[in-house]
Amino acid sequence: MTVGSCLITGGAGYIGSFTALALLEADYEVIVVDNLYNASPEALNRIELICGKKPAFYNVDMIDQKALEDVFSKHPAIDSVIHFAALKAVGESGEIPLEYYRVNVQGTLSLLAAAAKNGVTNIVYSSSATVYGDATRFPNMIPIPEECPLGPTNPYGNTKYASELMITDHINAERAKANKAGKSEDAAKWNAALLRYFNPCGSHPSGIMGEDPAGVPYNLLPLLAQVATGKREKLLVFGDDYSSHDGTAIRDYIHILDLAQGHLAALNYLRKHSPGVRPWNLSTGRGSTVFEMIEAFSKAVGRDLPYQVVDRRPGDVLDLTGKPTRANNELGWKTQRTMEDACQDLWRWTKNNPEGYRQQPPKDLLDR
Ligand code: NAD
Ligand code: WQD
């Protein structure tokens, strides 16, 4: 017996695959669409190795509305959508902004239209802390609450913000239409969760499922992992002249399993309540500096990892810690794992899968 049926876009990617696993473990039927631009279908095999179930999969480009409609038609039980598929590299978004708008904004549009045509009214959207921009420009906004004024500072962030606005306008319009027709029950069916998350990291504790980006990583922990395996000589620390206790910048690192559970909690909430459009931060509420992350990951690896302090990275800010109180109280969700757990899990995944999903899963881990 399944409890519901959910379409996950970008479900072969990092956060999407862990969310697909969480939903399958909670007895949802899961249908994944992904064009594998930054993912491997092997992620879906690893999901099956862990939970004994595999999502249905369709290789579909998000901007192809007709292909999305076909997926809905093939799975009439789909009653909700979690939308991850997107391009996500901040720097690259400044070089090819139109491509970011095409995939991230037009992709959201195609999905909303296809979902609406098929009567699917619950949308969970993968937003980002990036929509807040530099919250340190306001007094008393760290840790960042959902009420913090939005102000993304790069094209990637603009596309996430634009999608939030599109989803909000769409849901509000459908609710208004149904209310005007005197169908308040129908109005209440249109809901969206805007999940703004901070710095996702870590891997599955089994060591067989993790982040496997195509190309060069640009986030702190995947880069540190490359230093540990010798693929990279040292980590460049972007600035030690911030006003934190050790001079390096502060971020809110959330374990990928906690993040996946946050999506499940939001989905369950939308199916039981009728919040309309509601943003929730998915964060730990606890900030860590770059030096603290280097120390924690070095401890997981068992030796000191080399680094060199260089200038600040343009666009970086002192502190991006999120306030998770709203999600804690309303979704009944709270992070269970620490960034130290994430470092240990990431190292287990990295050392056992040096080629990521391009290799077979390590036999000794499977036999456990
Ligand atoms: P990811 O690249 O691993 O996942 C994105 C998935 O979308 C990939 O599987 C990719 O193949 C797919 N995709 C890309 N273009 C597509 C297209 N045109 N059609 C169909 N599929 C396409 O990235 P992730 O880290 O898992 O991020 C997932 C979502 O979370 C994104 O929307 C991202 O903006 C958001 N997010 C990520 C972070 C982060 O630091 N990882 C933080 C906040 C928000
Ligand atoms: C973390 C910290 C760097 C690399 C980005 C996006 C954000 C969201 C999450 C999607 C910072 C420092 C990093 C390095 C370093 N993504 N650092 N040396 O910038 O907080 O957030 O990913 O929505 O939108 O902007 O993450 O992992 O790049 O950096 O010193 O080689 O590590 O300065 O303080 P960031 P990050």
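In the predicted model, D27 is found in the loop that lies between helix 1 and strand 2, the latter spanning residues 28-34. The backbone of D27 has a positive phi of about 70°, although D27 is not a glycine. A second backbone feature occurs in the loop between strand 5 and helix 6, where P143 is found. The peptide bond that joins I142 and P143 is cis, with omega at about 0°. Both features may be read against a general rule: most residues other than glycine have a negative phi, and most peptide bonds are trans.

The strands that flank these loops belong to a wider arrangement. Seven strands form an open sheet in the order 3-2-1-4-5-6-11, and the pairing is parallel. Strand 3, at residues 56-59, and strand 11, at residues 277-282, are the edge strands, and each of them pairs on one side only. From one strand to the next, the twist of this sheet averages 20°. Within the sheet, strand 1 (residues 4-9) is paired in the parallel sense with strand 4 (residues 80-83), and four bridges connect the two. One residue of strand 1 may serve as an example: the bridge partner of I8 in strand 4 is I82.

Another open sheet consists of three strands in the order 12-9-14, and its pairing is mixed. Its edge strands, each pairing on one side only, are strand 12 (288-289) and strand 14 (319-320). Strand 9, which comprises residues 250-251, runs antiparallel to strand 12 and is joined to strand 12 by two bridges. In this pairing, I250 of the model stands opposite T289 in strand 12.

An annotation from a sequence record can be placed on the chain. In an unreviewed entry, UniProt assigns the feature "domain: NAD-dependent epimerase/dehydratase" to residues 7-272. Over residues 7-272, helix accounts for 44% of the chain and strand for 17%. The C-alpha atoms at the two ends of this stretch are 18 Å apart.

The model also contains ligands, and the surroundings of ligand 1 are described next. Ligand 1 is surrounded by 27 residues, of which the closest are D34, N38, F84, Y156 and K160. Polar atoms of the protein approach ligand 1 from both backbone and side chains, as the following distances show. A polar backbone atom of N35 is 3.2 Å from a nitrogen atom of ligand 1. In the side chain of K88, an N or O atom is 2.8 Å from an oxygen atom of ligand 1, and a polar side-chain atom of S126 lies 2.9 Å from an oxygen atom of this ligand. On its own, ligand 1 has 810 Å² of accessible area, of which the protein covers 95%. The elements that give two or more residues to the shell are helix 1 (14-25), strand 5 (122-128) and helix 6 (155-180). Strand 5 supplies the largest share, with three residues. When the shell around ligand 1 is sorted by class, 16 residues are nonpolar, seven are polar and four are charged.

The surroundings of ligand 2 can be described in a corresponding way. Here 20 residues surround the ligand, and S128, Y156, L236, R251 and D316 are the closest. Y156 is thus listed among the closest residues for ligand 1 and also for ligand 2. Two backbone contacts involve oxygen atoms of ligand 2: a polar backbone atom of L220 is 2.8 Å from an oxygen atom of the ligand, and a polar backbone atom of F238 is 2.9 Å from an oxygen atom of the ligand. A side-chain contact is made by R251, whose polar side-chain atom lies 2.6 Å from an oxygen atom of ligand 2. The protein covers 88% of the 690 Å² of accessible area that ligand 2 has on its own. Helix 8 (220-229) and strand 8 (235-238) are the elements that give two or more residues to the shell around ligand 2. Strand 8 gives four residues, which is the largest share of this shell. By class, the shell around ligand 2 holds 13 nonpolar, four polar and three charged residues.

Conventions. Residues are numbered from 1 along each chain as its sequence is written. Chains are lettered from A and ligands numbered from 1 in the order in which they are written. This is a predicted model: local features need pLDDT of at least 70, side-chain atom pairs count only at pLDDT 80 or more; totals for chains, interfaces and linings use all residues. Side-chain values use heavy atoms; hydrogens and water are left out. Two strands pair if DSSP finds at least two bridges between them. Axes are lines fitted to C-alpha atoms, for helices over the stretch in contact, and angles run from 0 to 180 degrees between N-to-C directions. UniProt positions are given in the numbering used here, feature names are shortened, and annotations may be inferred rather than shown by experiment. A residue is near a molecule or strand if one of its heavy atoms lies within 4 Å of it. A polar contact is a pair of N or O atoms within 3.5 Å; within protein, one must be able to donate a hydrogen and the other to accept it, and residues adjacent in sequence count only if both atoms are side-chain atoms. Accessible areas come from the Shrake-Rupley method with a 1.4 Å probe; for residues, only the protein chains shown count as cover. Ala, Val, Leu, Ile, Met, Phe, Trp, Tyr, Cys and Pro count as nonpolar, Asp, Glu, Lys and Arg as charged, and the others, Gly among them, as polar.
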